[in-house]
Amino acid sequence: MNIAMIGAGYVGTATSVAFAEYGHKVYVIERDWEKLKKLKMSVLPFFEEGMEELFKKHSANGNLLFFHYIEEVIDQCEILMITVGTPSLPNGEADLSYVEEAARQIGRSMNEYKAIVIKSTVPVGTGDKINKIIKTELKKRNKEISFDLISNPEFLREGKALQDALHPERIVIGCETEKARQVMKELYSGINSPILFTTVKDAEMIKYASNAFLATKISFINELARLCDKVGANVIQVAKGMGLDSRIGPQFLQAGIGFGGSCFPKDVKALLALASAEKTPLQILQAVLDVNETQAQWFMEKVKKALGSLSRKRIAVLGLTFKPQTDDIREASSLKIIHYLLQNNACITAYDPQGTEHVKKIYPTINYAKTTLEALNGADAALIVTEWKEIIEIDWKKAKSILSQPFVFDGRNCLDASVMLELGYHYEGVGTPNLDERINGSF
Ligand SMILES: NC(=O)c1ccc[n+]([C@@H]2O[C@H](COP(=O)([O-])OP(=O)(O)OC[C@H]3O[C@@H](n4cnc5c(N)ncnc54)[C@H](O)[C@@H]3O)[C@@H](O)[C@H]2O)c1
Ligand SMILES: O=c1ccn([C@@H]2O[C@H](COP(=O)(O)OP(=O)(O)O[C@H]3O[C@H](CO)[C@@H](O)[C@H](O)[C@H]3O)[C@@H](O)[C@H]2O)c(=O)[nH]1
């Protein structure tokens with residue numbers, strides 16, 4: 001099938017590559033000239049492990065084509081898929097202006113039936129709004145053209161975007177007509193994943209509910225970690241014990257310094273804003289957000305307490321991206337941590353394999369190291385913010401000899417505490433109270 005993908009961000013690009021791999025022809029529309037230039041030169045505009053090879057393959061064989069205006073390709077495409085951003089407005093609501101603009105562009109240029117698919121994450125009711133916008137644009141042109149408005153939310157994770165796009169655990173399709181159902185069935189016919197057909201509103205809500213639930217699991221375990229710290233229980237063991245119950249499951253119970261990224265914080269806020277507008281407050285979700293907003297600060301208070309003061313202390317910040325395997329720093333906990341350290345007059349040397357250039361734009365004056373060991377050299381403490389493999393695999397024995405003090409604060413519980421203690425470190429994780437103290441009977 002011929003598909004127009006409007007917006008070549010993480011989602012638009014990963015989805016385009018996956019559809020191309022399944023034999024479709026994808027006309028990718030990107031309005032950012034810089035990005036478009038890169039795409040046309042077969043260069044991915046972001047880092048995503050494993051995607052480059054397939055992206056280059058399909059750019060070369062003509063299954064992926066790149067354009068600036070929807071008008072250039074709309075007549076060739078039966079499916080128009082909207083994958084533009086829906087960032088947070090200052091009041092937490094989803095900013096729908098990009099989706100609305102894409103809809104206006106479609107309404108101004110379509111000449112025959114189209115299946116118009118919203119893949120961007122949008123609040124319940126957006127489908128109706130977009131429907132109206134397109135109809136208004138068609139009316140202005142005195143055109144009566146039928147179309148279907150379909151919701152097909154995306155569940156891919158950054159860092160695993162290609163695998164998730166190629167082999168999704170589920171495909172959710174909200175549509176209201178048999179014709180739309182058949183078009184979408186054909187689109188996904190090559191993919192062996194369960195498909196759930198729903199109404200447009202149900203599909204819109206499923207996306208938010210899924211992210212909100214995963215975020216809830218994280219904030220639940222993070223809040224519990226704070227209590228574990230106080231009472232001498234180890235949250236890693238607690239999560240393991242909980243996760244063995246198949247009704248609970250082990251995933252998304254890793255305590256840490258909070259969830260970041262371009263989705264969880266924004267989507268939780270958008271769902272809360274919708275609930276508030278509908279005068280149906282979601283109290284649990286509000287607490288999820290509150291815990292997340294204070295988790296990094298809670299951790300940094302621990303760091304400060306252990307070091308006495310942070311003033312003029314040299315701190316190695318290891319990891320800047322919101323999670324490993326991506327260069328994305330949107331809502332990353334590292335930003336909160338750097339802010340806290342600067343407020344406390346600490347001297348920072350940061351290291352990240354992929355995110356440094358992005359953070360430099362926000363914090364141009366802190367030091368950036370090219371290797372983990374360079375960051376650790378002479379530091380009073382190492383702070384693990386993102387669990388990159390190369391950070392976990394640091395030679396901690398060697399690192400001890402170049403740190404000026406053997407302090408390691410592990411914001412992701414990614415190191416083996418007993419090994420670190422054996423090496424003679426003062427090691428603290430999240431909800432994993434110091435084993436020394438447990439052995440010495442403080443708990
Ligand atoms: N990033 C993720 O992991 C992820 C996963 C699932 C769902 N989502 C959702 O998918 C949507 C897109 O997310 P993203 O991270 O890919 O966003 P992004 O900001 O990385 O990319 C959006 C792209 O759309 C382009 N764009 C905006 N308006 C346009 C227009 N009218 N015509 C052509 N191009 C246009 C922008 O220039 C940008 O390149 C969001 O709603 C997000 O919540 C994201
Ligand atoms: O047990 C856990 C799991 C995750 N995280 C953090 O949670 C954040 C988000 O992680 P993850 O969900 O892996 O990343 P995203 O790429 O943001 O993916 C989420 O957001 C996407 C956008 O909506 C959805 O499509 C995905 O299904 C959903 O997992 C990161 O900061 C992680 O460090 C934890 O702290 N503990």
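The crossing of helix α8 with helix α9 is right-handed in this predicted model. Helix α8 also passes helix α10, and that crossing is left-handed. Two ligands are present: 27 residues surround ligand 1, and 21 residues surround ligand 2. Helix α8 gives the most residues to the shell around ligand 2, while α4 gives the most to the shell around ligand 1.

**Helix α8 against helix α9**

- Helix α8 covers residues 200–231 and helix α9 covers residues 235–243; their axes come within 9 Å and cross at roughly 130 degrees.
- That angle makes α8 oblique to α9, because an angle counts as roughly perpendicular from 65 to 115 degrees and as roughly antiparallel over 145.
- On the α8 side the contact is made by Ile 221, Leu 224, Ala 225 and Cys 228, which meet Val 235, Val 238 and Ala 239 of α9.
- By class, the residues of this contact are 7 nonpolar, no polar and no charged.

**Helix α8 against helix α10**

- The axes of α8 and α10 come within 9 Å and cross at roughly 115 degrees.
- The two helices, α8 and α10, are therefore roughly perpendicular to each other.
- Tyr 208, Asn 211, Ala 212 and Ala 215 in α8 meet a set of α10 residues made up of Phe 264, Asp 267, Val 268, Ala 270 and Leu 271.
- This contact of α8 with α10 divides into 7 nonpolar residues, 1 polar and 1 charged.

**Shell around ligand 1**

- Of the 27 residues that surround ligand 1, the closest are Gly 7, Gly 9, Gly 85, Ser 120 and Thr 121.
- Helices α1 (10–21) and α4 (97–109) each supply at least two residues of this shell.
- The contribution of α4 to the shell around ligand 1 is 4 residues, the most of any element.
- The shell around ligand 1 holds 10 nonpolar, 10 polar and 7 charged residues.

**Shell around ligand 2**

- Of the 21 residues that surround ligand 2, the closest are Glu 158, Gln 254, Phe 259, Gly 261 and Cys 263.
- Two elements, α8 and α10, give two or more residues to this shell.
- Helix α8 supplies 3 residues to the shell around ligand 2.
- Sorted by class, the shell around ligand 2 has 10 nonpolar, 6 polar and 5 charged residues.

**Binding-site records in UniProt**

- An unreviewed UniProt entry places the feature "binding site" at Phe 155, Leu 156, Arg 157, Glu 158, Lys 207, Phe 252, Leu 253, Gln 254, Ala 255, Gly 256, Gly 260 and Lys 323.
- These positions span 169 residues in sequence, and their farthest two C-alpha atoms are 23.9 Å apart, so they do not all gather at one spot.
- Leu 253, one of the positions in that record, is found in the loop between α9 and α10 (264–277).
- Glu 158 and Gln 254 are among the positions in that record, and both are among the closest residues to ligand 2.
- UniProt also places the feature "binding site" (unreviewed entry) at Lys 35, Thr 86, Thr 121, Glu 158, Lys 266 and Arg 330.
- This set is spread over 296 residues of sequence and is also spread in space, up to 23.5 Å between C-alpha atoms.
- Lys 35, a member of this set, is found in helix α2 (residues 33–40).
- Thr 121, also in this set, is one of the closest residues to ligand 1.

Note on methods:
Residues numbered from 1 in each chain as written. Chains lettered and ligands numbered in written order. Predicted model: local features only at pLDDT ≥ 70, side-chain atom pairs only at ≥ 80, totals over all residues. Axes fitted to C-alpha atoms, helices over the stretch in contact; angles between N-to-C directions. Parallel < 35°, antiparallel > 145°, perpendicular 65-115°, else oblique. Left-handed = near helix turned anticlockwise from the far one by under 90°. Contact = placed C-beta atoms within 7 Å. Nonpolar A, V, L, I, M, F, W, Y, C, P; charged D, E, K, R; others polar. Near = placed C-beta within 6 Å. UniProt positions renumbered as here; feature names shortened; annotations may be inferred.
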